[in-house]
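User: Got a minute to walk through this one with me? I'll throw questions at you as I scroll.

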Amino acid sequence: RADQVNPCDILAADPAAPRRVTNGVATAAINPETAAPACALAADLFAYDPRFGYQLARVYAKQGRLNEAQPLLQTAADAGYPAAQEALGALFLARGRSSGLNLEPAFDLLRAAGDGGAINAQYALGGLLRSTAEDDPREQEAWAWMRRAAESGHPRAMTAYGRGILRGAVDAPKAEALGWFERAAAANEPEAMFSLAAAMIQGAAEDADPVAAHRARLVLGVQV
């Protein structure tokens, strides 16, 4: 049954895939010798489930068989599998940038993936769609995606969103930025730790709070 854990899931599931049924395996840890036949069998037996085609594409990509991986990604993406949409969008983005092609198909795939819960796609859109014009609709869309990624638990997105608040790019109270930094720092995101400490020091200076300043310097590792 496709809804049960399959050997292909154990050997090649994507740890970041929203619809995975196991914890997943990092690409570097995939063993093609065992994963390729297991996923090829699963993709054949359960062709109606895009999960297995996507996982077989991961194995082929690990082997450098990109010409075989891309059609599998396309089929899974067309079936609405978010992880495949994200992977195909990233592929189109890389090719588009190198050859000067229209990037909208890549963005559309990443949007579909983000709507499907792919937090890396959400975070990527938060950076890719930003521009220098604050009134550009894409700027607002970019920060909306960054917030979605932050709310989904992406530590770097939390840091980026918090910094956006402090810079005034995001219309939110500055205290909210500290909350995002604290959540990201709790996930051991180094940039968030620095941003949190720096914001605390700045706030302590404004409020003349030496205790808060001392705590902030401890976070930064500054001698006091």
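User: Where does Asn102 sit?
Analyst: Asn102 is in the loop between α5 and α6. Helices here are DSSP runs of H or I with at least four residues, strands are E runs of at least two, and both are numbered from the N terminus.

User: Buried or exposed, that Asn102?
Analyst: Asn102 is exposed, at 57% relative accessible area. The cut-offs are under 20% for buried, over 50% for exposed and partly exposed in between, with a 1.4 Å probe on protein chains only. Its C-alpha is 9.4 Å from that of Phe92, and the two residues are 10 apart in sequence.

User: Before I go on, what are the ground rules for these numbers?
Analyst: It's a predicted model, so local features need pLDDT of at least 70 and side-chain atom pairs count only at pLDDT 80 or more, while totals for chains, interfaces and linings use all residues. Residues are numbered from 1 along each chain as its sequence is written, and side-chain values use heavy atoms, with hydrogens and water left out.

User: OK. How many helices and strands are there in the protein chain?
Analyst: The protein chain has 12 helices and 0 strands. Of its 224 residues, 40% are buried.

User: And what share of the contacts is long-range, say 24 or more positions apart?
Analyst: Taking contacts with a separation of 6 or more, 46% are between residues 24 or more positions apart. Contact means heavy atoms within 4.5 Å.

User: Which residues have the most contacts inside the largest nonpolar core?
Analyst: Those are Cys39, Phe52, Tyr54, Val59, Leu73, Tyr81 and Ala84, in a core of 27 residues. A nonpolar core is a set of buried Ala, Val, Leu, Ile, Met, Phe, Trp, Tyr and Cys residues joined through side-chain atoms within 4.5 Å.

User: Which elements give two or more residues to that core?
Analyst: α1 (7-12), α2 (32-45), α3 (50-63), α4 (66-78) and α5 (82-99) do. The largest share is from α3, with 6 residues.

User: What does Val59 touch?
Analyst: Skipping neighbours within four places in sequence, Val59 is in contact with Ala12, Ile30, Pro32, Ala35, Ala36 and Cys39. Apart from the largest core there's another one, of 17 residues, including Ala150, Ala172, Phe181 and Ala184.

User: Cys39 keeps popping up. What does Cys39 form a disulfide with?
Analyst: Cys39 pairs with Cys8, and their sulfur atoms are 2.1 Å apart; the cut-off for calling a disulfide is a pair of cysteine sulfur atoms within 2.5 Å. The pair ties together distant parts of the chain, with Cys8 in helix α1 and Cys39 in helix α2, 31 residues apart. The structure holds 1 disulfide.

User: Are those cysteines buried or exposed? And what about the handedness of the disulfide?
Analyst: Cys8 and Cys39 are both buried. The S-S torsion is about 95 degrees, so the disulfide is right-handed.

User: Switching to charged stuff. Where's Arg51, and is Arg51 buried or exposed?
Analyst: Arg51 is in helix α3 and counts as buried because its relative accessible area is 4%. Beyond residues up to four places away in sequence, Arg51 touches Ala2, Gln4, Asp9, Arg19, Val21 and Tyr81.

User: How about Arg95, buried or partly exposed?
Analyst: Arg95 is partly exposed, at 38% relative accessibility. Arg95 lies in helix α5, and its C-alpha is 9.6 Å from that of Ala106, 11 residues apart along the chain.

User: Now α6 and α8. At what angle do they pack?
Analyst: α6 (residues 104-115) and α8 (residues 137-151) pack at about 35 degrees, with axes 12 Å apart. Axes are lines fitted to C-alpha atoms, for helices over the stretch in contact, and angles run from 0 to 180 degrees between N-to-C directions.

User: Which residues meet there?
Analyst: Glu104, Phe107, Arg111, Gly114 and Asp115 in α6 meet Arg138, Glu141, Trp145 and Arg148 in α8. By class that contact has 2 nonpolar, 1 polar and 6 charged residues. For those classes, Ala, Val, Leu, Ile, Met, Phe, Trp, Tyr, Cys and Pro are nonpolar, Asp, Glu, Lys and Arg are charged, and the others, Gly among them, are polar.

User: Last one: what's up with phi of Asn188?
Analyst: Phi of Asn188 is near 65 degrees, a positive value in a residue other than glycine. Asn188 is in the loop between α10 (174-186) and α11 (190-207) and is exposed, at 58% relative accessible area.
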